[in-house]
Amino acid sequence: MKLAYWMYAGPAHIGTLRVATSFKNVHAIMHAPLGDDYFNVMRSMLSRERDFTPVTTSVVDRHVLARGSQEKVVDNITRKDAEEHPDLIVLTPTCTSSILQEDLENFVERAQLEAKGDVMLADVNHYRVNELQAGDRTLHQIVQYYIEKARKKGELPTSKTEKPSVNIIGISTLGFHNNHDCTELKRLMADLGIEVNAVIPEGAYVHELKNLPKAWFNLVPYRELGLMAANYLEKEFGTPCIDIVPMGVVETARCIRKIQEVINAQGADVNYEEYIKEQTLYVSQAAWFSRSIDCQNLTGKKAVVFGDNTHAAALTKILSREMGIHVVWAGTYCKYDADWFREQVSEYCDEVLITEDHGAIGDAIARVEPSAIFGTQMERHVGKRLDIPCGVIAAPIHVQNFPIGYKPFLGYEGTNQIADLIYNSFTLGMEDHLLEIFGGHDTKEVITKGISAESDLSWTKDGLAELNKIPGFVRGKVKRNTEKFARDRGFKDISAEVLYAAKEAVGA
């Protein structure tokens, strides 16, 4: 174990809370010490929602440790049940409170005797899974609970909807552009003549989950959330699952063709080829843009990609296959699903990186000196330190990832947003150079920090003067090469003479 100031996927309880609070009229209670109760703060700061149910913390303190938690936890559950009248209360421990190894299942059973609503313990191993895995398991658990409940009551539907319909599974609070993606998917389904049977968990009521079997197919747009629930529904009711991410022109068309295949196999008679052609030519500007002179200037440029499986894999394919950009390496922090990621991106990049170590990713970026980075907020910080532009394409989320304007990543409108993001990320990297050419800067201070730590070298006045003469868009690379040259040869001070020697050594 090591201390880190950044993590790509949060602890398990965050995933559980994201799913529970995405549903309407569901209340989450977190059994945790003070310090673990930051979810409400995080959600209120980041998610631009007008109304949401805050999570209640059943605080573990010295008094609780002295006499046991059961009485307090049960009291908190029954009190919230009486005050809020939720359909469901989800109890979750955190990594910290899990150390106590209390019988929380028994606490839930006790509380259920008094509560009018349903009470459930999130069945997640907090030591073995992260936020994404826990969210997926919690959604599956809730879906299964209400399907089984309806089955016992004889309330499960016995037939599909009259017209083709879909369950969109995996839209959640604190998801990367999830709300905009959901709107775009609804528009896409309407264009295809497909009814939306349900969207879960965001905005759904748990008592509606019994209607999930009525859909003709399930669409899981994000690999990180919804696959377990979709696989359960396929096993129980034979509902086909489509997990092709409709991101980019090629994959969106592939997803639509798969939808056509699935619903035609169930009695429909549709052909979406004309729709795909019209959307590709006239709604999505990405296909036209990829042939424009602006995009051709990017052909062969080097880029790196890092993020969750869904977005990193999709962006790697778009960059390489649709825009002709050279992806030096692509990576993900979803180590639990590494095989899928490798299978998806191996033919579109030179190297695949699977790691949760932000320092290793920073060093990998510095090593290859790409023209642009496409990653998370952490890679954006790395890019700023290295003077390399970065487009943010995946969680961890930031307030910037909850834009007020409409910015989906999925569907045909999403292709336009992604094309803009890619183009602007590359071209803005030239901004300093152009400002210098046209007199936009009086001076340009040279960065003196490396990626991992403060530089152990100092630049002399004449060395800095020569470095400042180098165009801004390559200055960072020259500086790092020179410092590497100096370290290798034991120089402590970098003068103009050392700079010239370093340039000769690399043939510059």
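This passage describes selected features of a predicted model, moving from a parallel sheet and its helices to the nonpolar cores and then to individual residues.

Five strands are arranged in an open sheet whose order is 11-10-9-12-13, and the pairing in this sheet is parallel. The edges are occupied by strand 11 (351–354) and strand 13 (390–392), each of which has a single partner strand, so that one side of each is left without a neighbour in the sheet. On average, and with direction ignored, neighbouring strands of this sheet are turned by 15° against each other. In general terms, the strands of a sheet pair through backbone hydrogen bonds, in either a parallel or an antiparallel manner.

Within this arrangement, strand 9 (residues 302–307) pairs with strand 10 (residues 326–332) in the parallel sense, and the pairing extends over six bridges. Ala303 stands opposite Val327 of strand 10, while Gly307 has Thr332 as its bridge partner in that strand. Of the six residues of strand 9, five are buried, so this strand is largely enclosed by the rest of the structure.

Two helices lie across strands of the sheet. Helix 15, which comprises residues 338–345, lies across strand 10 and strand 11 and runs at about 160° to strand 11. Helix 18, comprising residues 411–427, lies across strand 9, strand 12 (372–375) and strand 13, and its direction is at about 140° to strand 12. In the loop that links strand 13 to helix 18 is found Pro396, which is joined to Ala395 by a cis peptide bond with an omega of about 15°. A cis peptide bond also joins Ile200 and Pro201, where omega is about 0°; Pro201 lies in strand 6, which covers residues 195–201.

The largest nonpolar core contains 126 residues, of which Ile142, Val143, Phe217, Ile259, Trp329 and Ile422 touch the most other members. Another core, of 13 residues, lies apart from it and has Val73, Leu104, Ala111 and Val119 among its members. When neighbours within four places in sequence are left aside, Ile142 is in contact with Val19, Phe23, Leu88, Val90, Met120, Val206 and Leu209. Gln141 is placed in helix 7, which covers residues 131–153. With a relative accessible area of 19%, Gln141 is buried, because the term applies to residues under 20%. Residues up to four places away in sequence not being counted, Gln141 touches Met120, Leu121, Ala122 and Asp123.

The loop between helix 7 and strand 5 contains Thr161, a residue that is buried, its relative accessible area being 15%. A polar atom of the Thr161 side chain lies 2.6 Å from the backbone oxygen of Lys163, and a polar contact of 2.6 Å joins the side chains of Thr161 and Ser165. Apart from neighbours within four places in sequence, the residues in contact with Thr161 are Glu195, Asn197, Lys214 and Trp216.

Positive phi values in residues other than glycine were noted at two loop positions, His85 and Leu174. For His85, which is found in the loop between helix 4 (70–84) and strand 3 (88–93), phi is near 50°. This residue counts as exposed, with a relative accessibility of 58%. For Leu174, phi is near 60°, and the residue is found in the loop between strand 5 (165–171) and helix 8 (178–191). In contrast to His85, which is exposed, Leu174 counts as buried, at a relative accessibility of 5%.

Finally, helix 22 (residues 496–505) has buried residues at Ala496, Val498, Leu499 and Ala502. These residues cover an arc of only 160° around the axis, which puts them on the same side of helix 22. Glu497 and Glu504, by comparison, are exposed on the other side of helix 22. As a general rule, an α-helix has 3.6 residues a turn, so residues three or four places apart point the same way.

How values were computed: Residues are numbered from 1 along each chain as its sequence is written. This is a predicted model: local features need pLDDT of at least 70, side-chain atom pairs count only at pLDDT 80 or more; totals for chains, interfaces and linings use all residues. Side-chain values use heavy atoms; hydrogens and water are left out. Helices (H or I, at least four residues) and strands (E, at least two) are DSSP runs, numbered from the N terminus. Buried means under 20% relative accessible area, exposed over 50%, partly exposed in between (1.4 Å probe, protein chains only). Contact means heavy atoms within 4.5 Å. A nonpolar core is a set of buried Ala, Val, Leu, Ile, Met, Phe, Trp, Tyr and Cys residues joined through side-chain atoms within 4.5 Å. Two strands pair if DSSP finds at least two bridges between them. Axes are lines fitted to C-alpha atoms, for helices over the stretch in contact, and angles run from 0 to 180 degrees between N-to-C directions. The arc is that of the directions from the helix axis to the C-beta atoms. A polar contact is a pair of N or O atoms within 3.5 Å; within protein, one must be able to donate a hydrogen and the other to accept it, and residues adjacent in sequence count only if both atoms are side-chain atoms.
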